[in-house]
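Trainee: Could you take me through the aromatic pairing in this model, with a close look at the parts it joins and at what lies around it?

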Amino acid sequence: MDAREMKIKAAEAALAHVEYGMRLGIGTGSTAEEFVRLLAEKVASGFKVEGVPTSERTARLCVELGVPLKSLDELPQLDLTIDGADEVDPALRLIKGGGGALLREKIVAAASTRMIVIADESKLVDTLGAFALPIEVNPFGLTSTRMAIEKAASRLGLTGALTLRQSGDGEFTTDGGHHIIDASFGRIPDAEALSRELNSIPGVVEHGLFINMAALAIIAGPAGARTLQANR
């Protein structure tokens with residue numbers, strides 16, 4: 001089973017949690033896109049849902065495949081969000097934002113009664129941090145914000161490169177008009193403490209640590225998909 005087949009298996013298992021008439025948050029990334037394709041097949045056969053996309057990229061795919069969409073202002077309370085992750089630990093703490101949609105992903109997940117994460121088993125880790133942590137920042141005062149992130153990380157004993165994400169010939173820009181700093185800490189022993197530190201920095205718009213948000217993780221491997229509950 002190759003990587004895409006594992007993503008499809010995870011998406012299939014997640015689709016079983018989607019009930020007729022649900023208000024659904026729809027995530028961003030390669031695994032979430034497999035979920036959208038499967039959901040679209042059900043919608044085409046008469047299955048009713050209303051989706052709120054977490055990115056313009058996801059919105060375009062949903063429109064192309066015929067999945068009905070609303071804005072979060074139109075559906076401010078959601079039943080379920082299904083989204084991918086860049087890393088998942090045993091407590092279902094996540095690193096997200098590799099695709100650059102972390103702010104909208106977190107807003108949509110927070111507006112949902114439940115969040116289910118779908119991923120292949122390569123995303124399972126004992127401790128978060130091997131994947132560089134995306135930190136969404138305001139372009140204004142970028143140098144000051146970067147310095148504040150360095151100081152906050154240092155207080156927690158974290159070191160590593162802080163790299164401004166690039167796209168083409170310039171800085172990567174999120175759907176919200178912000179930039180992303182990818183923080184290569186290597187290992188984050190206390191994700192909650194780092195979250196608090198980053199939240200205290202005015203220039204940080206949001207960060208990719210999703211803590212106490214996922215209710216379930218559906219992890220696909222060569223033997224198929226399995227469901228994990230938070231070990232908190």
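**A close look at the aromatic pair**

Mentor: Happy to! The count comes to 1 aromatic pair, in what is a predicted model. The partners are Tyr20 and Phe47, set edge-to-face, with 5.9 Å from centre to centre and 85 degrees between the planes. Tyr20 belongs to the loop between helix H1 (3-15) and strand S1 (23-26), while Phe47 belongs to the loop between helix H2 (30-44) and strand S2 (50-53), so the pair ties together parts that are 27 residues apart in sequence.

The two partners sit in contrasting surroundings. Tyr20 is exposed, at 58% relative accessible area, whereas Phe47 is buried, at 15%. Phe47 also has Lys42 over its face, 4.0 Å from the ring centre.

A charge over a ring turns up elsewhere too: the charged end of Arg165 is placed over the ring of Phe172, at 5.4 Å from its centre.

While you have the model open, look at the sheet as well. Here 4 strands make an open, antiparallel sheet in the order S8-S11-S7-S12. Its edges are strand S8 (162-164) and strand S12 (204-207), each pairing on one side only. From one strand to the next, the twist averages 30 degrees. Helix H5 (residues 142-155) packs on this sheet and touches S7, S8, strand S11 (179-183) and S12, with its direction at about 155 degrees to that of S8. Strand S7 (residues 133-137) is joined to S12 by 3 bridges, and Val137 has Val204 in S12 as its bridge partner. Helix H6 (residues 191-199) lies across S7 and S12, running at about 160 degrees to S12.

Technical notes
Residues are numbered from 1 along each chain as its sequence is written. This is a predicted model: local features need pLDDT of at least 70, side-chain atom pairs count only at pLDDT 80 or more; totals for chains, interfaces and linings use all residues. Side-chain values use heavy atoms; hydrogens and water are left out. Rings of Phe, Tyr and Trp (its six-membered ring) pair if their centres lie within 6.5 Å; planes under 30 degrees apart count as stacked, over 60 as edge-to-face and the rest as tilted. Helices (H or I, at least four residues) and strands (E, at least two) are DSSP runs, numbered from the N terminus. Buried means under 20% relative accessible area, exposed over 50%, partly exposed in between (1.4 Å probe, protein chains only). A charge sits over a ring if NZ of Lys or CZ of Arg is within 6 Å of the ring centre and within 35 degrees of the ring normal. Two strands pair if DSSP finds at least two bridges between them. Axes are lines fitted to C-alpha atoms, for helices over the stretch in contact, and angles run from 0 to 180 degrees between N-to-C directions. Contact means heavy atoms within 4.5 Å.
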